[in-house]
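I sat down with this one over coffee and kept notes as I went. Here are the entries, in the order I looked things up.

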Amino acid sequence: MSIENRLQEFAKTAASPRQLLDNYKKAGKKVIGVLPYYAPEELVYAAGMIPMGMWGSNKKTISRAKEYCATFYCTIAQLALEMLLDGTMDQLDGIITPTICDTLRPMSQNFRVAMGDKMSVIFLAHPQNRFDSFGLQFCVDQYTNVKKELEKVAGKEITDDDIREAIRVYNESRAARRAFVKLAAEHPDVITATSRSNVLKAAWFMPKNVYTVMLKALNEELAALPACDWKGTKIVTSGIICDNPHLLAALEENQIAIVADDVAHESRAFRTDVPEDDDPMMALAKQFAAIDYDVLLYDPASAKNRRGEFVANLVKESRAQGLVLFMQQFCDPEEMEYPYLKKALDNAGIPHIKLGIDQQMRDFGQAQTALQAFADVLAMQ
């Protein structure tokens, strides 16, 4: 199979979660929706069920969810509920609702009220003080509750061996995605911004063992390609989610290649592996504790601006010329963090632009103009 055909397969998967859900249900599979982010998908896989990411969509209207949501809730959270209410994802057998931010905390209850008895709504609270023993134990207790609720849905016990196997499968998938990101940076002539997004997005809708086989095959073909002499500019992206097809197309039109990212929907999700030589539930908790440089997670050394310096170093190490921050509207943590991120980028002499986005954007003219101007600035460096 050619690289182009493989990319088309990923694109088809990324664009059709509803069809995939229909297929899973017709095959007799149970499917659990996983809201962003840092829910332990391994437990869903260990139960023999399909985890399906609920990262919003690019639907043009939100109507029914507005009955439950405040107007200042981000569209990622609103659209997740809208897809359950409007029939797009109502075949799910359950959903896991993390409460990692101030929007998701009350939203978790909205999901419970809105869905009623239609599906199991599994509440998950992560500890912010996650490093010490009490934080790890709190995380284990929360994950244990998730495990018990998933067992009710699956109708079977989730054994330690089931979880160990899931951890192995997921670590293999994370490694393959990390390898793909590096290969995509080496071959921007083949892996466009859109195809890069499709490949990474597809992971949220497929069993990881199946996805990883597909991705490894693509990686092998990319690794065999000759080196690319890219004439355009190179950037790093940052934000919660950057999958809007119009904005990705604008990057391509201006010969801007994504060579690395600090995006929650993308590389942040597979940056940290789970230990494989530990009690499996504690191993999952230790993975959460080991996650670093995230806007939503407590950093005891935050006064040192570690995250800002990490992002600046990511730009340097990837040999990018600048950074594009896709700022999710009504995301208080990202907005509050931006001055510190800007300071680190300015101190490192790294050009950047901040684009305010949401999942319901209709007018792309201003963003497209900003990207074109930014590409011109980078080209003159």
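**Entry 1: two loops.** I began with Tyr293, which lies in the loop between helix 11 and helix 12 (306-317); helices (H or I, at least four residues) and strands (E, at least two) are DSSP runs, numbered from the N terminus. This is a predicted model, in which local features need pLDDT of at least 70 and side-chain atom pairs count only at pLDDT 80 or more, while totals for chains, interfaces and linings use all residues. Residues are numbered from 1 along each chain as its sequence is written, and side-chain values use heavy atoms, with hydrogens and water left out.

Phi of Tyr293 is near 60°, a positive value in a residue other than glycine. I looked up its exposure too: Tyr293 is partly exposed, with a relative accessible area of 25%. For these words, buried means under 20% relative accessible area, exposed over 50%, and partly exposed in between (1.4 Å probe, protein chains only).

Arg319 also caught my eye, with a positive phi of about 60° although it is not a glycine. I found Arg319 in the loop between helix 12 and strand 7, and it is exposed, at a relative accessible area of 71%.

**Entry 2: strand 7.** Next I followed the chain into strand 7 (residues 322-328), where 7 of its 7 residues are buried. Both faces are covered: Gly322, Val324, Phe326 and Gln328 lie on one side, with Leu323, Leu325 and Met327 on the other.

Which strands pair with strand 7? Strand 5 (residues 233-239) does so in the parallel sense over 5 bridges, and strand 8 (residues 352-357) pairs in the parallel sense over 6 bridges. Two strands count as paired if DSSP finds at least two bridges between them. I noted a partner on each side: Ser238 has Leu325 as its bridge partner in strand 7, and Phe326 stands opposite Leu355 in strand 8.

From Gln328 I checked a distance to Pro245: the two are 83 residues apart in sequence and 16 Å apart in space, C-alpha to C-alpha. Pro245 lies in helix 10 (residues 245-253) and is partly exposed, with a relative accessible area of 44%.

**Entry 3: a four-stranded sheet.** I then turned to an open sheet of 4 strands, with the order 2-1-3-4 and parallel pairing. Strand 2 (50-53) and strand 4 (120-124) stand at the edges with a single partner strand each, so one side of each has no neighbour in the sheet. Neighbouring strands here are turned by 25° against each other on average, direction ignored. Axes are lines fitted to C-alpha atoms, for helices over the stretch in contact, and angles run from 0 to 180 degrees between N-to-C directions.

Strand 1 (residues 31-34) is joined to strand 2 by 4 bridges, and Val31 stands opposite Ile50 in strand 2. Helix 5 (residues 104-115) lies across strand 3 (94-98) and strand 4, running at about 165° to strand 4.

Thr103 sits in the loop between strand 3 and helix 5. Thr103 is buried, at 13% relative accessible area. Leaving aside neighbours within four places in sequence, Thr103 is in contact (heavy atoms within 4.5 Å) with Tyr73, Cys74 and Ala77.

**Entry 4: cores.** Where do the nonpolar residues gather? A nonpolar core is a set of buried Ala, Val, Leu, Ile, Met, Phe, Trp, Tyr and Cys residues joined through side-chain atoms within 4.5 Å. The largest has 95 residues, and Leu84, Leu92, Phe111, Leu150, Phe180, Tyr211 and Leu218 touch the most other members. Apart from it lies another core of 21 residues, among them Ile235, Cys242, Ile256 and Phe364.

**Entry 5: a buried glycine.** Gly135 has its place in helix 6 (residues 133-154) and is buried, with a relative accessible area of 1%. Beyond residues up to four places away in sequence, Gly135 touches Pro127, Asn129 and Arg130. The C-alpha atoms of Gly135 and Ala285 are separated by 8.8 Å, with these positions 150 residues apart along the chain.
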